[in-house]
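Trainee: I am new to this structure, and I would like a close look at one part of it. Could you take me through how its packed helices meet, and then through what lies around them?

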Amino acid sequence: MLVKRLFCSYAKALNRLQRAPSGSKHTASDYNDVAPFECRSLVRNFSIDANHPPDDGQKPVTTVSLYHMKKIIKASGTVLGESVEGPTCIQTVCPVCHVVPGDAEGKPISDAIRRKIFVNKTTGNFTCSSCQYLGRWDHIEKFFPPTSRTPKTVQELRKLRDAFLELKGEHVSTVCPIPGDAIAVDTVERAREVIKFLSLENIIPDTLVSVKARWNEDKRELFIPLVDVEDRAIGYKTLHVGSDGEVFERTVPETNASGLIYLRCNPSNPVAKAKDLSQHNAILVLNVLDLLALGSVKLNATAVCLPHGLKALPQQCLPGLERFQRLTLWFNYDTAGWDTARNYAKKLDERRCLFVRPTDQHPTPYRALLEGTLEPKAILSKAQPILHQSITTFRSLRQDVLSDLQNIDKVQGVKWKRYPTLNKLLKGHRKGELTVLTGPTGCGKTTFMSDYSLDLAQQGVSTLWGSFEIRNTRLAVTLLRQMVGRPLDENLSEFEQWADAFERLPIYFMTFHGQQPIKIVMEAIEHAQYVHDIQHVIIDNLQFMMGVLDESKHLDRYWKQDAIIAAFRTFATKRNCHVTLVIHPRKERDTDELTTSSIFGGAKASQEADNVLIIQDKRLTSVRGKKYLQVAKNRYSGDLGIMPLDFDKASLSYAQRKKKPDGDDGGSNEGPAGSEPIDRTVRRAF
């Protein structure tokens, strides 16, 4: 029965592919980016299904048990051969490409034709090394050869295999090759010319030859290929000089690139032992300039450039780092680099990760090479493990304290552009915190929260929306209108332009609607945080998860809410992710102001929260009553206060307007009135 359901799932997927016109984009519900190299939209409905939202009666896919995966792979070892377990993935032979159910079982597979798959130990998603197809564990689990099969099952599996191979075939050639008009930088003389034009001081020409760079003389642009685990170019990074002389870098594809750039550093002693060390030690950097700078240093290691910097580390990149036993993360010397490194280390296995602490004495490799005040080799010698001991001393935390003091503005968090008053009170939006928003029914909590989150998303804060009250289509309409600053139904000719700009924002949507169990929601959130590096999760609202808790239906409602809040508090702290919960207040008299005690449930919500925001609406009790946002709790700085909420119906926004052109404090630049703020939004979006 399960096999039939799986076959129906594949059939539906194939029908959708056949119905889709050529050149059309994938549906908005694509979650796991099955075609990792296709330049697709960044905004999509978030679903726990890799290819489509779960149909009625279809069990949602959650994080797979590692023991279960290892057991199935080990049982197929007689046919597929021995599997290899690495820090993040299990490597084995693809059971679909090389095994026909009922024919090849029990026959050894030649090494010349075996193609590997890498199964992620956390999510269960697998990546095929031959075609870079990214799929789910439950899609391939049935194909691993068992000890015995009935003839009927074998026949069904053959049909499934044909459908599966056809689906994989749609994504075999989705790569982004370097433009053909670029010539190879294969000589030292040509590399010197490129370095001279780009003003790359202190860079050794041999490094450009080693990374197989290509040069477009007409466009004055340098291309460096991104290679996959099989050493095939699947994308590239570009370097070009701007009008101000600054070197700019761009990655193609813009999202979900699975390739990396490798550069073996010059060993101090070029002997066999040094070569072996370079195959086991890697230094991870964020951009090409840092990679080339490390190529000029005598180190027994391989420098590796990540495809998307601090934005994200796609799980398709992990197989390319499996062979390294030690990874040193050398990121920007600021708090954002430190926070990202800790998240990346969890993907890469913290036990093998070291990190160069972000201080002024530890600049990035290229900056260190330019300044010449400290040798990169000396900085690397001070790298420390990501994992801290259970008990520590101030001596171990000394560099972290110095880093926070030197980067006090970034420690405070991301600043809002639309709400300068919030910047003065909360100082910024920080990772790892829990915020509670409450207010009377109909006061505009969801509208304010969408405006609040859109501001952060436009500054690169990847956001996951969990709206249980309203559907994602309506929420997206609100977000788009707030971004544009006016209703688009009157200007439909501009829709495509603004929709393209909105797609590039790092906003994801969960497809849940109505009451949902906390367990299912938390599994989806944890999966999204791992795959998409989510930094901000919004739950609107908490009451929709209280009616279907897995425990006994007779449990106290306050106990249920406390358990849910504890789960989100733990998630925010462990995953270093900001969580915003919208909670309705108790029924109070209209004449009374809401306080932290007015939040529905027990006291745990206000106790666990780092920030408590209350929308006070006095328009219902007074003719001249106003609506304002009250900061009732602020654990970071302790500053409390209020922010007036003036609603603009055209833009559905509460953005604060500037009172005078010469009195701008740098925060309110997105009012809907006037063309200048809207133009700034366009430039930021594009």
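Mentor: What follows begins with the packing of three helices and then turns to aromatic rings and the backbone. The model is a predicted one, in which local features need pLDDT of at least 70 and side-chain atom pairs count only at pLDDT 80 or more, while totals for chains, interfaces and linings use all residues. Residues are numbered from 1 along each chain as its sequence is written, and side-chain values use heavy atoms, with hydrogens and water left out.

Helices (H or I, at least four residues) and strands (E, at least two) are DSSP runs, numbered from the N terminus. Two packed helices are described by the angle between their axes and the distance between the axes. Here axes are lines fitted to C-alpha atoms, for helices over the stretch in contact, and angles run from 0 to 180 degrees between N-to-C directions.

Helix 16 (residues 445-457) packs on helix 17 (residues 472-484) at an angle of about 55 degrees, and their axes are 10 Å apart. That angle makes helix 16 oblique to helix 17, given that angles under 35 degrees count as roughly parallel, over 145 as roughly antiparallel, 65 to 115 as roughly perpendicular and the rest as oblique. On the helix 16 side, Thr447, Ser450, Asp451, Ser453 and Leu454 are in contact (heavy atoms within 4.5 Å) with Leu475, Thr478, Leu479, Gln482 and Met483 of helix 17. By class, this contact has four nonpolar, five polar and one charged residues, where Ala, Val, Leu, Ile, Met, Phe, Trp, Tyr, Cys and Pro count as nonpolar, Asp, Glu, Lys and Arg as charged, and the others, Gly among them, as polar.

Helix 17 also meets helix 18 (residues 495-503), the two axes coming within 11 Å and crossing at roughly 105 degrees, and these helices are therefore roughly perpendicular to each other. From helix 17 the residues in contact are Leu479, Leu480, Met483 and Val484, and from helix 18 they are Phe495, Trp498, Ala501 and Phe502. The contact of helix 17 with helix 18 has eight nonpolar, no polar and no charged residues. Leu479 and Met483 appear in the contact with helix 16 and again in the contact with helix 18.

Now to the aromatic rings. Rings of Phe, Tyr and Trp (its six-membered ring) pair if their centres lie within 6.5 Å, and planes under 30 degrees apart count as stacked, over 60 as edge-to-face and the rest as tilted; by this rule the count comes to 13 aromatic pairs. Phe468 and Phe512 form a stacked pair, 6.4 Å centre to centre with 5 degrees between the planes. Phe468 is in the loop between strand 19 (463-467) and helix 17, whereas Phe512, 44 residues apart from it, is in the loop between strand 20 (507-510) and helix 19 (518-532). Both Phe468 and Phe512 are buried, where buried means under 20% relative accessible area, exposed over 50% and partly exposed in between (1.4 Å probe, protein chains only). Trp416, Tyr419, Phe448, Tyr452, Phe647 and Tyr654 form one aromatic cluster.

Finally, the backbone. Most residues other than glycine have a negative phi, and most peptide bonds are trans. A cis peptide bond with omega about 5 degrees joins Asp540 and Asn541, and Asn541 is placed in the loop between strand 21 (536-540) and helix 20 (557-574). Asp349, although not a glycine, has a positive phi of about 85 degrees, and at 15% relative accessibility Asp349 counts as buried.
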